[in-house]
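Let's take a walk through a protein model together. Have a look at the picture first, then read on.

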Amino acid sequence: MITLNNEKVWLYDNEEIALHSTILNSSVSEEVAISNTMTARIFAAHNEGDTTNLKLKFDSLTSHDLTYVGVVQTAKASGLEKFPIPYVLTNCHNSLCAVGGTLNDDDHLFGLTSAKKYGGIFVPANQAVIHQYMREVMAGCGKMILGTDSHTRYGALGCMGIGEGGGELVKQLLNNTYDMKNPEVIAVYLEGKLRNGVGPQDVALALIREVFDNGFVKNKVMEFVGPGVDDLSIDFRNGIDVMTTETTCLSSIWTTDDKVKEYYEIHNRKEEYKELKPGAIALYDGLIRIDLSKIECMIALPFHPKNAYTINELNANLEEILAKVEQEAQKQISNPKLKLDLRSKIKDGKLHVDQAEIAGCAGGMYENIQATREILKDHILTNDYFTLNIYPASTPIYSKMLDDNSAKDLTQNGAIIKPAFCGPCFGAGDVPAHGSLSIRHTTRNFPNREGSKPGEGQLTSVALMDARSIAATALNGGVLTAATEIDFTEPKVQYTFDEIPYKRVYNGFEKPDNKSELKFGPNITEWPEMIELKDNILLKVSAVIKDDVTTTDELIPSGDAATYRSNPKRMSDYTLSRRDPQYVGSAKEILALEEERRLIDKGEETNISKDLEELVAHVQKDTTNLEEFLKTTGFGSLVYAVKPGDGSAREQAASCQKVLGGLANISVEYATKRYRSNLVNWGILPFTAEPSVMDKLERNDYIYLEQIKDKLANGVKQIPATLIKENGTTQQIQLNLNDIEPEEKEVLLKGSLINFYKN
């Protein structure tokens with residue numbers, strides 16, 4: 001089905017693969033063959049650096065309403081005058097504008113006034129989910145798009161998308177570059193023909209299962225090639241492509257053909273098409289070979305897309321597999337009183353699910369919805385608890401559904417049609433009842449991502465599936481069913497694009513109005529003060545997370561935390577709330593002492609509190625030079641996690657730590673480039689250490705780093721540190737600061753990207 005090869009491979013005429021050790025044709029050098037990949041050509045067209053150290057300028061930017069306020073606020077604080085390239089502000093996350101908290105229209109008003117003032121593009125709420133709008137309106141062959149959402153992927157349209165934290169967009173808005181080492185490129189060679197009933201999510205989940213744990217494509221570019229691409233529709237390709245984020249790759253790109261050309265013509269942008277394919281002889285750093293004919297219907301069980309099984313395999317071994325999943329999942333549930341009980345869903349030897357969702361940038365595309373319609377036909381859904389909710393990814397798709405009567409048909413089946421909204425993907429819509437199992441054609445099934453709250457005793461879970469098998473399950477009354485088990489043929493549907501709903505989009509690019517005023521709601525606040533790195537730092541270990549992987553959702557929850565997405569201090573109270581509820585209190589204790597230290601350093605306070613004196617005494621027994629110590633040593637908190645940052649690009653995973661006084665992370669490795677970039681952009685030192693260091697750390701330990709400012713400035717990579725235990729005993733540990741680029745060094749020394757630009 002899927003095979004991996006870690007050896008360099010040659011691709012000839014996009015058809016024939018040969019291992020590096022068995023070269024078929026040596027008429028070109030390795031250097032030329034590497035430059036013949038589509039990735040290399042796109043990078044070359046956007047690069048202002050050399051071929052080793054890339055400095056990229058993007059064609060356009062995009063953010064949604066959980067992130068664009070922070071981007072604009074950061075850019076404004078850094079000297080923003082106008083948006084130099086198209087910047088699309090979509091409103092697909094805070095679309096509910098619900099009663100309670102601050103989930104109202106304030107952010108949208110801020111976004112619209114930002115678009116007017118700085119010359120941006122504003123897409124009103126429920127018009128489209130972020131990535132569908134970018135596919136339909138902004139993508140172009142050979143272009144590059146940077147977005148503050150991890151699923152920024154448009155490779156199937158010949159456009160390279162990268163998801164990053166807001167700081168990287170700020171750099172582009174200030175005419176700076178996206179800097180990185182030239183990544184490796186992995187050929188994803190597609191061959192064979194799909195079976196009826198197999199959908200894009202099935203291919204994606206099978207791929208993720210094979211490459212996530214081994215890091216085969218981590219921070220690399222996946223280049224989809226081979227004869228198997230031709231038979232796949234554009235919606236199908238888009239459905240696979242958007243899920244490549246879950247492999248931890250940096251980005252993706254596909255060969256283009258007449259189907260891509262037709263896509264751009266349908267969307268009235270035929271000028272954006274050009275043929276993309278590797279040169280006659282191209283050299284790749286590795287190979288993933290996928291025989292599409294052997295892909296089966298898949299299900300990814302809680303709590304990760306990698307946790308994938310074929311549906312037939314699961315149905316044949318329900319008790320055994322679900323018991324294993326429950327055991328592994330329990331390690332990620334912060335409330336020990338709650339138990340994941342998937343086996344309670346087994347009735348008469350079959351798995352019964354409670355809810356189904358087809359939504360967002362992965363599921364809400366036209367062909368997925370039409371396949372659902374074809375499978376359900378005239379069937380009426382059960383009137384029991386099971387529900388099916390469908391969210392078309394854009395108003396043009398919904399408009400087409402009205403034209404072809406599929407909206408009416410699905411409604412009469414008993415499905416609920418809802419407007420374009422990302423809520424089912426991140427926990428802000430259709431939150432299931434306690435103990436429920438929801439099957440979803442969305443992007444992620446991380447812990448609590450569907451909206452459950454372990455702290456309040458509510459635990460539910462999500463399994464990822466393709467829309468076709470979701471429809472087959474609905475047809476079977478909620479009993480888990482693979483679409484290959486029913487009589488189904490993929491419908492041949494012709495899509496037409498209705499651009500009229502987008503007439504409400506405000507396009508102010510190249511028309512900034514500097515006199516226009518930004519409109520702030522009461523919970524849109526400025527960033528707190530961030531100071532430069534001190535000569536020395538004292539770090540309080542405020543969280544020690546020993547899980548194999550820690551997701552962004554665990555670092556900062558994606559649902560209720562979003563209530564205060566534009567209020568840094570209030571949002572920071574949710575940091576690690578579902579994974580380590582004690583973290584915030586611990587971090588705030590050292591932050592209070594740091595704030596006192598700053599007042600003394602500024603001469604605004606002369607009395608040294610007993611708590612502050614005791615803290616210094618904990619580090620050095622001789623406190624005769626106490627004031628000098630306070631002037632040269634900064635205090636902050638630290639998070640240890642084995643492999644943090646898998647998943648979302650949301651910069652709040654780092655900025656909330658910073659707002660709470662975070663100065664460093666320690667990990668064995670960082671799950672994604674984007675999380676590490678977020679740490680750097682918020683002035684948080686991204687240390688790594690050997691796994692043995694974890695065994696020495698406990699909450700409320702301290703780590704003292706002497707002359708860290710000089711060591712960082714001078715490029716010292718191995719940093720000796722003193723670990724101070726609660727009883728006062730000390731031991732030496734070694735931390736590492738690897739791969740710190742020159743500009744990253746300056747940002748860390750200044751204490752944040754904001755300070756870097758301000759100065």
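How many of the eight residues of helix 6 (residues 166-173) are buried? Eight of the eight are, so helix 6 is largely enclosed by the rest of the structure. You should know early on that this is a predicted model. The buried residues of helix 6 are Gly166, Gly167, Glu168, Leu169, Val170, Lys171, Gln172 and Leu173. After helix 6 comes Asn175, which has a positive phi, near 65 degrees.

Helix 24 (residues 673-681) tells a similar kind of story. Nine of its nine residues are buried, so helix 24 too is largely enclosed by the rest of the structure. Its buried residues include Lys673, Arg674, Arg676 and Asn681, along with Tyr675, Leu679 and Val680. Gly683 follows helix 24, and its phi is positive, near 70 degrees.

**The whole chain**

Now zoom out. The protein chain holds 27 helices and 34 strands. Of its 759 residues, 64% are buried. A compact globule with 759 residues would have a radius of gyration near 27 Å, and the protein chain has 26 Å, so the two agree. Along its principal axes, the C-alpha trace spans about 85 × 65 × 60 Å. About 27500 Å² of the chain is exposed, with carbon and sulfur atoms supplying 46% of that. Take the contacts between residues at least 6 apart in sequence: 76% of them join residues at least 24 apart.

**Two sheets**

Strands of a sheet pair through backbone hydrogen bonds, either parallel or antiparallel. Here are two sheets to compare.

One is an open sheet of five strands in the order 1-15-11-12-13, with mixed pairing. Strand 1 (2-5) and strand 13 (251-254) stand at its edges; each has a single partner strand, so one side of each is left without a neighbour in the sheet. From one strand to the next, the twist averages 20 degrees. Helix 2 (residues 38-46) packs on this sheet, where it touches strand 11, strand 12 (221-225) and strand 13. The direction of helix 2 makes about 125 degrees with that of strand 12. Within the sheet, Val188 stands opposite Ile288 in strand 15.

The other is an open sheet of three strands, ordered 3-2-14, and its pairing is antiparallel. Its edges are strand 3 (16-19) and strand 14 (281-284), each with a single partner strand, so one side of each has no neighbour in the sheet. The twist here averages 25 degrees from one strand to the next. Look for Val9, which stands opposite Leu19 in strand 3.

One pair from each sheet is set out below.

| Strand pair | Sense | Bridges |
|---|---|---|
| Strand 11 (residues 185-191) and strand 15 (residues 286-291) | parallel | six |
| Strand 2 (residues 9-12) and strand 3 | antiparallel | four |

**The nonpolar cores**

In soluble globular proteins, nonpolar side chains tend to be buried together. In this model, the largest nonpolar core has 113 residues. Those with the most contacts inside it are Tyr133, Leu190, Ile288, Ile290, Leu301, Leu314 and Leu388. Which helix gives the most to this core? That would be helix 7 (residues 200-211), with seven residues. Leaving out residues up to four places away in sequence, Tyr133 touches Val88, Ile121, Val123, Ala128, Met138, Tyr502 and Val505. There is also a second, separate core of 80 residues, and Ala115, Met144, Leu173 and Leu705 are among them.

**Two residues up close**

Is Thr37 buried or exposed? Its relative accessibility is 2%, and buried means under 20%, so Thr37 counts as buried. Thr37 lies in the loop between helix 1 (30-35) and helix 2. Its neighbours within four places in sequence aside, Thr37 is in contact with Glu223, Ala282, Leu283 and Tyr284. Thr37 and Glu490 are 453 residues apart along the chain, and their C-alpha atoms are separated by 33 Å.

Asn755 sits in helix 27 (residues 753-758). With a relative accessible area of 8%, Asn755 is buried as well. What does Asn755 touch, not counting residues up to four places away in sequence? The list is Met530, Ile531, Glu532 and Lys750.

Conventions
Residues are numbered from 1 along each chain as its sequence is written. Side-chain values use heavy atoms; hydrogens and water are left out. Two strands pair if DSSP finds at least two bridges between them. Helices (H or I, at least four residues) and strands (E, at least two) are DSSP runs, numbered from the N terminus. Axes are lines fitted to C-alpha atoms, for helices over the stretch in contact, and angles run from 0 to 180 degrees between N-to-C directions. A nonpolar core is a set of buried Ala, Val, Leu, Ile, Met, Phe, Trp, Tyr and Cys residues joined through side-chain atoms within 4.5 Å. Buried means under 20% relative accessible area, exposed over 50%, partly exposed in between (1.4 Å probe, protein chains only). Contact means heavy atoms within 4.5 Å. The radius of gyration is taken over C-alpha atoms; the globule rule is 2.2 Å times the number of residues to the power 0.38. Accessible areas come from the Shrake-Rupley method with a 1.4 Å probe; for residues, only the protein chains shown count as cover.
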